[in-house]
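Here's a quick briefing to read with the model open in your viewer. Grab a coffee and scroll along as you go.

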Amino acid sequence: MTDPAAERPDPLPDVSQLSPFDLGTLLPLAYRAAGNGVAGGMRFLVEDAARQRRPLFTPEACLDLFVALVNGLNARKWADLCVAAGALLRCPDGPPLTDLAGPARTLVRFLLRAGRTDHPYALLTVAGLAGLDAQVARTLERGRGPIAVGEINLLRDWDVQRRALLLEVVQDRSYNSPPPLSDAWERLAAIPEYVAFARTTLEAADARIAAIHAHELAYQADRAFDGAEKETIGRAVRLALLRDEPWLPDLLTRLLTGVAVAPTAARTLPSQAVLYEVGRAAQRFPTPEVIVALRAASSVTRHKAVPKQLDRMIKRAERSLADRVEVAFRMPDLGFDTDGRLSVPLGDHTAVMTIGDDVELTWWQGDRRLKSVPSALRRDRPDEVKQLRDLVTRVRRQLATLVRSLEAGYTGEAVHTYAKWRADVATHPIAGAVAKRLIWEIETSPGHWQSVLPDLHDVTGRPIAEPGPEARVRLWHPSRAPLADVTAWREHMTGRRLRQPFKQAFREVYLLTPAEERTGVYSNRFAAHVVDYQKLYALFKQRGWETDLLGPWDGGDAGDARRVLAGGHWRASFFHDYLPEEGDYAATDQVRFHHSADGEWREARLAEVPPLVFSEAMRDVDLFVAVTSIAADPEWVDRGEDRHHAYWRQTAFGDLPPSAEVRRDALARLLPRTAVADRCTLTDRFLVVRGELRTYKIHLGSANILMEPGDVYLCIVSARGHDAKLFLPFEEDGRLSLILSKALLLANDDRITDPTILRQIRDHREPPPAPLLRIDD
């Protein structure tokens, strides 16, 4: 970087070996490097490393950085004040504030003359070193609403390092800024003045929205707050959510329902920007109450696109809620008794709400259950009837939030004290309806965990002694249990007809394979599949994986989807490539894992990944492939496309992934309870169904069908629903129901009336297909 005549080194330096102080020393040299030659290349290596890691500065290096930025002003016409301000917090021995005043003054004046106020809080921070606070504040206040101006005025009373701390949490940091300090929000939350400002800010926002709805202020679509105010409100919400302020839930409910609907009949919103900003805040610091408030906003808005976007945000917040054990289980009882029942007298009638697998609202007259809402109540008490129906919706949403957060807590191995779990979950009038259908583990002695149902009975039905209030409780996971216990719990849950809110007893387990031990840092287990890209992208979003949309444009042919797990300590990446020349398909590739260490993501060997993190991430990847693979499309083979025919054949009828193995186990327990049990046989990959006309093999992975003799393909896109009386032990992706539906249909193939299906069954002239290909590891 300092020698313009230097030759390119081969190989390039391994910057990962640089210490944080090395990076802090080299960064000023990088800003001095000129041109696009070797020096420029080395500059980019250092800048990239500093952007991905956390450099530290000696006082000398901190001053050197400011001087380097000054020296580069004429060439660059700009200086990265976000990096400069960040260095003030990354100087363990304290920045040389007096020495920095001169360079800071030069930087601020240059940028003010150039009109460069791109990063206002960085400018205000550096202005504090230069004694130019008043001039910068006046410049920044122009065009900003009173809420944003209030934050600028607050910062003027802070020292430069507190100002730099706020810069760590703003959204609009520069490209070269290092990763934010991991404790920045906690440090801000400990500043009383900022805590008070957050409440004042949200109360002002609430008052403005109320004035708009009272027609005291003019309504303009999405103009209730300007962009700077939106950001200030977002920071105030995050701070209040982090501190779990007791005044926040009621205020947020009013604010969000107010910003979500116009005071007129317009479909637009007073502030869609603030609504989404709170949604993003809820993903970072979720509470049950903010999720309820977002749902309330979604229910009142008239804008068609808003509920869909909010639903994605809510689902992410629900998953993040699992990492906030102290608030995750908080839920009002809403008047329900300990059996999950609420009775509401309405004159001569009674409305009864019961929580079981679902929330059911029934109407009674004395001891007689009525088929529907009595006409007298519809006529005389419509508001109360509506309130009860709204309550059903609210309870369902609360249960959905609890279920998603519980399942997401697996990777963080969330643990609770017995006393809190007993009060907030097991015996809670609403949460108990979920808890009683799940298996739990209680640490009965150090390192020894006993699996039980919430009534403290084990898998054999025997009671266990009640543990002490501080005993640890967590959700049971089959990866931690012996095979005999897993089998016993599956039989127990099926026998008692306990339908679990998510797969637990029948949950798939993904263990490290010898092939993955050899590859070390990546898994090819789900590589080389051809998938429907639009379905894959939608499923990424649904399951909380972050990714960029790929397509036929520059840089759009390869990407990865990422999910952060275990409370932010681990990240899984699923690589995939877009296939523009072959239609809207993609090809799957490797899965890799990274561990967060000192604020940096570092690639980890698969053997180092916690088994639960590995299993849950691979479970998602298996789902992505199983649902979006062209092998799962029963009509694909009839489209005349032969580019991927060999892949389709070997995958549509090939070896089973773990998800299909679990489906096979569930079918083994369910089929004996069906009316067609004597016509069904399970093999290693197929459910074989003997009909009157032919024998059929339904693949347990893809649900595709081959007919004997000759393994002739039978295309059935869907079948009639499975027997409603047939118990299914878990909520799942629909493949189990589809297989059962096809089995019930084909076992009685002589009763089929659909001409398309009948034509395929009776046509014996179709030549047999090519032999199935074997799938190699």
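Start with an open sheet of four strands, ordered 1-2-3-4 and paired antiparallel. Its edges are strand 1 (341-346) and strand 4 (368-370), each of which pairs on one side only. Neighbouring strands here are turned by 30° against each other on average, ignoring direction. Keep in mind that this is a predicted model.

**Inside the sheet**

- Strand 2 (residues 349-355) and strand 3 (residues 359-365) are antiparallel partners, held in register by six bridges.
- If you want a landmark in that pairing, look for V352, which sits opposite T362 in strand 3.
- To get from strand 2 to strand 3, the chain goes through a hairpin with three residues in between.
- Strand 3 also pairs with strand 4, again antiparallel, this time through three bridges.
- W363 has L370 in strand 4 as its bridge partner.
- The hairpin of strand 3 and strand 4 has two residues between the strands, and G366 takes a positive phi near 65° there.
- As a general point for picking out faces, side chains in a regular strand alternate between the two faces of the sheet.

**The helix across the sheet**

- Helix 20 (residues 382-408) lies across strand 1, strand 2 and strand 3.
- Relative to strand 3, helix 20 runs at about 150°.

**A buried threonine**

- Now jump along the chain to T494, which you'll find in helix 23 (residues 483-495).
- Is T494 buried or exposed? T494 is buried, because its relative accessible area is just 1%, and the cut-off for buried is under 20%.
- Leaving out residues up to four places away in sequence, T494 touches F506, R669, L670, R673, F727 and P729.

**Cysteines**

- How many disulfides does the structure hold? The count is zero.
- For reference, a disulfide is a covalent bond between the sulfur atoms of two cysteines.
- Why does C82 have no bond to C62? The closest cysteine sulfur to that of C82 is in C62, but the two are 15 Å apart, so they are too far for a bond; the cut-off is within 2.5 Å.
- C82 is also buried, at a relative accessible area of 4%.
- C715 counts as buried too, with 11% relative accessibility.

**The whole chain**

- The protein chain has 30 helices and 19 strands.
- What radius of gyration does the protein chain have, and what would a compact globule have? The chain comes out at 31 Å, and a compact globule with 777 residues would be near 28 Å, so the two agree.
- Along its principal axes, the C-alpha trace spans about 90 × 75 × 60 Å.
- Of the 777 residues, 53% count as buried.
- Take the contacts with a separation of 6 or more: 68% of them are between residues 24 or more positions apart.
- The accessible surface of the protein chain is about 34800 Å², and carbon and sulfur atoms account for 50% of that.

Key: Residues numbered from 1 in each chain as written. Predicted model: local features only at pLDDT ≥ 70, side-chain atom pairs only at ≥ 80, totals over all residues. Heavy atoms only, no water. Buried < 20%, exposed > 50% of the residue type's maximum accessible area, 1.4 Å probe, protein only. Contact = heavy atoms within 4.5 Å. Pairing = 2+ DSSP bridges. Axes fitted to C-alpha atoms, helices over the stretch in contact; angles between N-to-C directions. Rg over C-alpha atoms; globule rule 2.2 N^0.38 Å. Areas by Shrake-Rupley, 256 points an atom, 1.4 Å probe, with all protein chains shown as cover.
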